[in-house]
Amino acid sequence: MNRRDFLKYAALSAPYQQLLLRQFLTREAPLLLAPFFPALALAQGGTSVTELKHWSTPDYTRLSIAVSEEARFEYHKLPGRLYLDIFGARIAPGVKDLSVGDGLLKSVRIAQYNASTVRVVLDLDSIKESKVFTFSDPFRIIVDIKGERRQEISATKEVIETAKPEPVAEKAKKPKERFKAGRIRRIVVDPGHGGHDPGAVSPTGTREKDIVLQVGLKLAEKIREELGIDTVMTRSTDVFIELQERTAIANRVGADLFVSVHANASLNRNANGIETYYLNLAKTEKAAQLAAKENGTSLEKVSMLQAVLFDLMANYKLNDSAHLADEVQKSLHKKALTAYPGVKNLGVKQGPFYVLVGATMPSILVETAFVSNERDEQKLKEPEYQDVTAEGIMLGLKGYISSLNKA
Ligand SMILES: [Zn+2]
């Protein structure tokens with residue numbers, strides 16, 4: 001602050017002086033003092049930007065900026081460029097620029113703009129619209145860019161740059177009786193959770209991630225064998241995959257349907273039965289609570305997501321997803337009844353599930369049973385009942401595809 005600035009400062013009202021002083025102390029002072037006290041800068045920015053990742057899909061390019069904790073940021077658009085300033089943050093060691101070149105996004109540059117601000121610059125080839133939103137736990141800033149691609153997406157190398165598990169694409173076997181798959185060529189099966197995320201855990205230690213992987217593997221096999229449709233699994237082993245990566249995989253492989261398989265949990269141990277969700281604003285408190293649980297976040301965050309969901313849903317196949325949910329719920333419940341008398345049909349519901357956000361094909365989330373309910377849990381642990389569950393979901397997909405062929 002020079003003398004003239006000081007005179008201006010002295011003329012201001014006390015609260016405004018305080019505000020400026022606070023701004024100086026938090027923004028300027030660390031910058032000025034950082035060279036002398038490196039520890040101060042570190043203490044100031046305990047928050048760090050830990051990872052940059054991107055996915056290219058036929059419709060959009062997504063950038064994910066992982067931050068070690070929730071951080072304040074600003075977002076600016078310029079011709080051919082977008083940039084974000086993340087405040088109170090440092091770049092973690094090893095985080096580097098990305099070279100993308102997928103016809104939409106040329107590259108992403110990251111720099112320590114000042115002692116406590118990280119700037120991320122996206123150089124663009126083309127842009128029609130962009131969306132910026134956040135995911136929490138871990139906190140990530142997501143930027144979706146839409147525009148006219150100058151090149152075919154297939155021409156880009158390494159489309160999913162850091163996808164840990166390679167999607168297991170297997171050639172469909174010849175079905176016994178040829179089922180007319182029509183325009184449905186590929187289905188993505190997404191067993192929920194995995195790795196360090198166990199999903200719901202029952203009082204006796206049954207983990208959602210293990211059960212849904214078994215059901216998912218059986219389901220993929222049935223789709224290939226019975227329907228003769230190519231299947232890609234988001235995970236076929238016990239690994240963790242971030243929620244936004246799951247639909248990105250589905251978009252990338254050009255999936256026509258997306259099915260996420262889960263098992264429910266409730267504090268009310270009597271709660272039991274089967275329900276199927278599609279993406280929409282939560283219509284009930286219960287749906288919002290379940291979404292919070294599956295999203296791994298708080299109810300408050302869910303209401304924040306609801307606020308941006310309307311925009312994000314521009315490409316979501318709402319009616320088709322509702323129709324798909326209907327067919328799967330109906331078939332799954334009918335099939336489950338043959339092996340589990342009295343199993344409850346909780347019906348089709350709507351909720352703001354992260355895992356369905358960004359899907360460009362009809363997509364649903366199936367809650368196969370409640371691991372928190374003793375009877376449901378016992379059933380779901382049996383390999384025979386897992387098979388019945390997979391069969392029920394497959395029959396629902398078959399019903400949906402058949403109805404498309406008739407239309
Ligand atoms: Zn789940």
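Two strands pair if DSSP finds at least two bridges between them, and strands themselves are DSSP runs of E with at least two residues, while helices are runs of H or I with at least four, both numbered from the N terminus. With that in hand, welcome to the structure above. It is a predicted model, in which local features need pLDDT of at least 70, side-chain atom pairs count only at pLDDT 80 or more, and totals for chains, interfaces and linings use all residues. Residues are numbered from 1 along each chain as its sequence is written, and side-chain values use heavy atoms, with hydrogens and water left out.

**Two open sheets**

One open sheet has five strands in the order β3-β4-β8-β7-β6, with antiparallel pairing. Its edges are β3 (73-78) and β6 (98-99), each of which pairs on one side only. Another open sheet, also of five strands, follows the order β5-β1-β2-β10-β9 with mixed pairing. Here β5 (89-91) and β9 (129-135) are the edge strands, each pairing on one side only. The twist from one strand to the next averages 30°, with axes taken as lines fitted to C-alpha atoms (for helices over the stretch in contact) and angles running from 0 to 180 degrees between N-to-C directions.

Two antiparallel strand pairs can be set side by side:

| Strand pair | Bridges | Facing residues |
|---|---|---|
| β7 (residues 105-114) and β8 (residues 117-124) | Eight bridges | Ser-107 and Asp-123 |
| β9 and β10 (residues 140-146) | Seven bridges | Ser-130 and Ile-145 |

**A helix across the strands**

Helix α5 (residues 243-252) lies across β1 (47-56), β2 (61-67), β9 and β10, at about 20° to β1; contact means heavy atoms within 4.5 Å. Eight of the 10 residues of α5 are buried, where buried means under 20% relative accessible area, exposed over 50% and partly exposed in between (1.4 Å probe, protein chains only). Among the buried ones are Glu-245, Arg-246 and Ile-249. Just after α5, Gly-254 has a positive phi of about 65°.

**The zinc site**

Which protein atoms hold the zinc ion? The donors are His-193 (NE2), Glu-208 (OE), His-262 (ND1) and two OE entries from Glu-294, at 2.0 to 2.5 Å from the ion. Donors are N, O and S atoms within 2.8 Å of the metal (3.2 Å for Na, K and Ca); water is not among the atoms, so sites may look incomplete. The donor residues follow the spacing H-x14-E-x53-H-x31-E. His-262 sits in strand β14 (residues 257-264) and Glu-294 in helix α6 (residues 285-295), so this pair ties together parts 32 residues apart in sequence. Both His-262 and Glu-294 are buried.
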